[in-house]
Each structure stands twice: as structure tokens, then as C-alpha cells.
Amino acid sequence: MILKKDLTPRQITTIEFAIITLFSCLPLLLELPFRVNIFVTWEGAYRMYVGQVPFRDFGMPLGYGFWLIPFIFFKIFGPYLYSLVIAQAFINFLSLVAFRGILKIFNLSPGQILLSITVMCLSFVMVNFWPWYNHTVFVYELIGLYFLFRYLLRDSKIIWLILAAFFIALTFLTKQDAGGLGMMLTMGILIVDALVTKKFKTLLLYVGFYAVALAVLILPFTAYEFSYWFNFGQSHHFSRINAYDFLSTFFEESLILKLFIIATVIVALVRYPKFKELTADRPYFLFTLFTLGILAQAMIIQVTSFSPATTNFYYNSFAFAFLIYNAGRVMQFEKVWVISLAFLLVLFWRSENYWKYSMKVLGKFLPASFSPPPPSVVSKNTWSSKADQKGGGKPLEWTLTPYRAFKRIKLPVPTVEGIERIKSLSIVKDNPNLKVLNMSNLTPLAHELKYTPEAGENIPLWYHKGVAFFDRESKSLCDKIADQQYDVVLFEAMPDVDNFFPFDVQACLQKHYQKTDSFPSPTGYQTDYIEVYVRPATTVATIAD
């Protein structure tokens with residue numbers, strides 16, 4: 001029977017890369033709605049696309065590493081939102097290939113790697129349709145870890161250690177908290193390994209390479225306000241690290257994470273009851289240390305990088321890979337029946353994402369018994385009152401637009417109508433030197449309206465009060481608004497979010513500019529509106545148009 005046969009490594013590898021390619025490219029197969037906060041990704045990549053330099057022409061509270069891949073894809077495909085979707089497909093592919101490479105170094109069998117990749121796809125990759133710094137930083141870390149373990153366990157070519165140090169340094173220049181944790185994880189592994197082997201050369205080399213990499217990545221920007229934007233020495237910058245958040249998250253939540261930590265420790269102790277036996281098997285010891293480090297990092301990341309909530313879901317894949325590797329002592333994962341059964345069990349376990357997305361399509365064809373119960377029936381999803389959609393009110397109709405920057409991305413119909421009204425303003429149509437202050441989610445309008453975002457060391461990349469926008473920037477903008485230096489200002493009013501787009505700047509606009517229009521935000525939250533302001537001297541003409 002075919003179920004008793006073994007799959008060859010080549011056959012399994014073919015299936016692996018088919019799954020990797022399918023899940024990596026999944027965003028390209030969909031017409032996606034506009035994503036909340038994706039304006040930050042677009043804006044940074046676009047500024048670099050038009051020649052602006054980070055920290056010289058715009059400031060941000062994290063490094064420029066996140067925008068490198070979106071910038072490259074803007075250069076290749078143009079400054080469009082869909083180019084970001086293509087960039088994310090590439091980032092997803094990198095993450096899976098790096099994950100696969102690490103598992104191969106730790107000698108997982110092809111069948112075990114295939115199942116682990118499937119878990120990674122279902123639990124982590126499948127929810128990442130857009131580039132976001134909390135995801136990209138982990139991909140850089142994963143690449144750095146691959147090079148580190150290749151140096152430690154495969155071939156000790158110095159180039160692998162240099163590349164490991166560079167990518168771990170790049171994580172810090174992408175997001176400080178995850179970058180710092182990546183450095184701590186790699187240093188922890190190297191320190192423990194050095195203490196066990198009593199060889200410290202690798203540790204010292206890595207520290208040196210890491211310092212050089214940081215210098216290369218940072219020194220060119222120290223002539224500008226690099227330290228200011230990294231929250232150094234500014235009295236009005238506050239830490240978002242809170243001991244209560246860590247403790248409450250650890251004790252009240254993190255149940256699966258804690259279960260995986262316990263399982264990893266127990267499995268390792270069962271395999272090697274004595275510590276000397278464990279350390280004698282260096283690859284297995286490093287694998288155990290690495291798995292526990294990833295789980296510890298995931299527990300911290302869920303507090304420091306809490307958006308989106310799936311940021312740390314990568315831990316499922318690493319814990320699963322460790323446990324299934326140990327199961328390989330009693331099961332042959334190359335047999336068709338074993339891998340088929342295990343694959344079905346993985347689908348049974350990680351069903352939440354593919355079920356949610358598949359039902360949007362299959363629900364149109366399934367019988368009524370598979371539809372949600374009507375509101376008159378008391379059930380899990382109808383017992384309490386729920387809004388029809390984000391923010392309440394009538395459901396918004398979403399549509400594709402004729403705008404190149406928004407190609408294949410759906411926007412709410414009222415948002416599209418609002419954009420049309422902006423484009424029809426005479427001050428917009430007849431102004432080759434249009435000056436716009438865009439404090440909204442619609443940053444791709446820079447490309448559509450053909451204006452260049454304002455540049456300068458004190459110009460923030462985005463306007464989140466207390467995160468990327470502080471007292472100095474607030475005063476500077478209010479002074480410019482009082483001087484009426486902008487032709488048009490777009491301000492996104494978010495009354496349910498405290499100072500994301502700062503209320504004090506909105507007050508300055510209401511005092512010195514004329515509000516001519518407002519329309520729903522592209523995010524779909526009906527409480528959020530984009531307000532359109534023009535200089536009072538141009539109000540009559542713009543309204544007449």
C-alpha cells in the first residue's frame with residue numbers, strides 16, 4: 001500500500017517549497033482592504049524613494065532597517081500600496097527559508113521540517129499580508145540566527161559570524177526592543193556555549209563584529225538628530241516598559257507559551273537526565289537553549305510589541321519543531337501514513353486562520369445550516385449586542401479605486417468620494433508647488449497629488465503623540481500653521497484614541513485654517529474622519545470649485 005511507503009527527501013523538499021511559495025505569495029492572490037497604520041510603511045519608503053535620508057530629512061523613533069525592503073520594492077515596482085504587498089510576500093519567503101535552514105542545521109528530518117514549516121505558515125506567515133516593523137525585525141533576527149548556527153555547527157567560516165553580527169545589529173536598527181532581545185539571545189547562546197566548551201574566541205569575535213556592524217549602521221546618521229529620535233536624553237520621552245504589564249501578562253495570560261516552556265524542559269530532561277550528558281550533545285544542547293530563548297523572547301515581545309496581537313506567534317513553530325524532533329526517536333516521519341496523519345493533526349491544531357479566511361469564500365456556497373444563526377436565536381455570537389462593524393453604524397461599502405497608488409487595494413466608498421473632492425480643489429489642481437501637511441492614513445496621496453512631503457530634522461515620519469511626535473514638533477507645526485505655510489492640511493480626527501493624531505495641532509488648525517470637508521478614514525472605523533483644511537484666503541475659491 002502507498003501509505004506504507006517512504007517519501008524521498010527530494011519529494012519532501014518539493015512539497016516544502018510548494019508550501020513555502022504558496023503561503024508566501026498568498027497576499028498576492030487577494031484584493032486587500034486598506035490596513036490600519038500602513039501609511040507609516042508607505043510614507044517611510046516613499047520618502048526614501050524620492051531621495052530623502054532618514055534622520056536628516058525625517059525623524060522616527062526606530063531605525064531605518066524596516067523600510068529598506070519596501071524602499072527597494074518601490075524602486076522596482078513603483079511607489080504603490082500593492083508594491084508593499086509584493087514586498088511582504090518576499091519577506092514571508094525569507095522568513096520560511098531562514099526557518100527551514102535553522103532546522104536543517106539542527107538535523108531535523110525532512111518530514112519534521114515539512115510539518116514545522118506548515119505550523120509556521122498556518123500560525124504566523126498566514127496573518128502577515130503587509131510589511132510591519134514588529135514582523136520584519138524578527139525576520140532579520142531569524143536570518144542572523146541562521147548564520148550564527150551555521151558557524152557554530154556546520155562550517156566555521158568567519159563570513160557566517162560576520163553576517164550573523166550584521167543582521168542582529170540590523171534588528172536594532174529596525175526595532176529597539178526586539179533588536180535588543182535578538183542581541184541578548186545570541187549573546188546568551190554564545191556565552192553558555194563558551195562556558196561549556198571553554199572556548200571564548202567565537203564570543204569575542206562576535207562582540208567585535210557586532211560593534212563594527214552597529215558603527216557602520218549608525219555613524220553616518222549621528223551628524224543629524226539620531227539620538228533625539230531614539231528617545232535619548234529628552235525629558236518628555238517616556239518609557240513604555242512597565243513591570244506591571246510584564247507580570248500581569250505572565251501570570252494572567254501566556255498559557256500556551258508557559259506550557260511550551262514546561263514541555264521543552266521536561267523533554268530535554270527526559271532525554272538527558274544529567275546536565276553533562278546534555279551539554280555533551282552540543283547540537284541538541286544548543287537547540288534546547290535556542291528554543292527556550294525564543295519562547296522567553298516571545299513572552300517579552302507580547303508586552304513591548306503588542307501590535308498586532310499575532311506579533312509573537314512564531315513561538316508555536318519553534319516549540320513544535322523541538323518537540324517533534326524528540327518524537328523522531330520513536331516515529332519515522334518519512335513514512336506516508338505518519339506524515340499524512342501528522343499533517344492532518346497540524347491542520348486540526350492550527351485551524352483558526354485558514355478557517356476564518358476560507359469561510360469568506362466557502363460561506364457563499366455552503367447550505368444555510370453553515371451560516372451564523374439569526375439575531376433572534378440566542379447563541380454564542382448573538383447573546384450580546386454587537387456593532388455591525390468597526391465603530392458601529394451601517395456597514396461601509398468597500399471598493400477598488402482608479403488611483404495608481406491604491407491599485408488592487410479596497411477603500412470605503414465615502415473615502416474615495418472624499419479623495420475626489422480633494423483632487424477637485426482649485427488650489428490642488430492649479431498648483432505645481434503644492435504644499436500639503438498630511439496627518440492622516442492617506443499618505444499615498446503624496447504620489448497621487450504630486451507633492452513632496454516636507455523634509456527636515458525636526459519633521460516626524462508620523463504624528464503619534466508620545467511615540468513619534470513630541471512637544472517640540474507640536475509647537476513647530478502650530479507655528480507653521482499660524483504662519484499659513486501649507487496650502488492644504490489633512491488631519492485625521494480619532495476621538496476614541498488619545499492623541500494618535502495630536503488634538504493640540506487640530507486646535508491650531510481650527511483657529512488658523514478653514515475646514516472645508518470631512519469624510520471617513522480609509523481604515524473603516526466610523527468614529528474616525530479625515531478633515532480637510534485650506535488657508536482662509538483660498539476658501540472661497542476652493543468651495544466654489
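The following conversation goes through some helices and cysteines of a predicted model.

Trainee: What makes helix α5 roughly parallel to helix α16?

Mentor: The axes of α5, residues 110–123, and α16, residues 336–349, come within 10 Å and cross at roughly 15 degrees. Angles under 35 degrees count as roughly parallel, and therefore α5 is called roughly parallel to α16. The crossing of these two helices, α5 and α16, is right-handed.

Trainee: Which residues of α5 and α16 meet, and how many of them are nonpolar, polar or charged?

Mentor: From α5 come Gly111, Leu114, Leu115, Thr118, Val119 and Leu122, and from α16 they are met by Ile339, Ala342, Phe343, Val346, Leu347 and Trp349. The residues of this contact divide into 10 nonpolar, 2 polar and no charged. Because Gly counts as polar in this scheme, Gly111 of α5 belongs with the polar residues.

Trainee: Why can residues three or four places apart in a helix point the same way?

Mentor: An α-helix has 3.6 residues a turn, so residues with that spacing point the same way.

Trainee: Which residues of helix α3 are buried, and what covers them?

Mentor: In α3, which runs over residues 65–77, the buried residues include Gly65, Phe66, Trp67, Ile69, Pro70, Phe73 and Phe74. Their cover includes helices α2 (38–49), α4 (81–105), α6 (133–153) and α7 (158–172). After α3 comes Gly78, whose phi is positive, near 100 degrees.

Trainee: How do you know that Cys478 and Cys508 form a disulfide?

Mentor: Their sulfur atoms are 2.2 Å apart, and a pair of cysteine sulfur atoms within 2.5 Å counts as a disulfide, so Cys478 and Cys508 qualify. The structure holds 1 disulfide, and with 90 degrees about the S-S bond the link of Cys478 and Cys508 is right-handed.

Trainee: What parts does the pair tie together?

Mentor: Because Cys478 lies in helix α21, residues 471–482, and Cys508 in helix α22, residues 503–512, the pair ties together parts that are 30 residues apart in sequence.

Trainee: Why is Cys478 called buried, and what is Cys508, buried or exposed?

Mentor: Buried means under 20% relative accessible area; Cys478 has 13%, so Cys478 is buried, and Cys508, at 16%, therefore counts as buried.

Trainee: What do the values for Cys25 and Cys121 say about their exposure?

Mentor: Cys121 has 0% relative accessibility and therefore counts as buried. Cys25 is at 29%, and because partly exposed lies between the 20% and 50% limits, Cys25 counts as partly exposed.

Note on methods:
Residues numbered from 1 in each chain as written. Predicted model: local features only at pLDDT ≥ 70, side-chain atom pairs only at ≥ 80, totals over all residues. Heavy atoms only, no water. Axes fitted to C-alpha atoms, helices over the stretch in contact; angles between N-to-C directions. Helix = DSSP H or I, 4+ residues; strand = E, 2+ residues; numbered from the N terminus. Parallel < 35°, antiparallel > 145°, perpendicular 65-115°, else oblique. Left-handed = near helix turned anticlockwise from the far one by under 90°. Contact = heavy atoms within 4.5 Å. Buried < 20%, exposed > 50% of the residue type's maximum accessible area, 1.4 Å probe, protein only.
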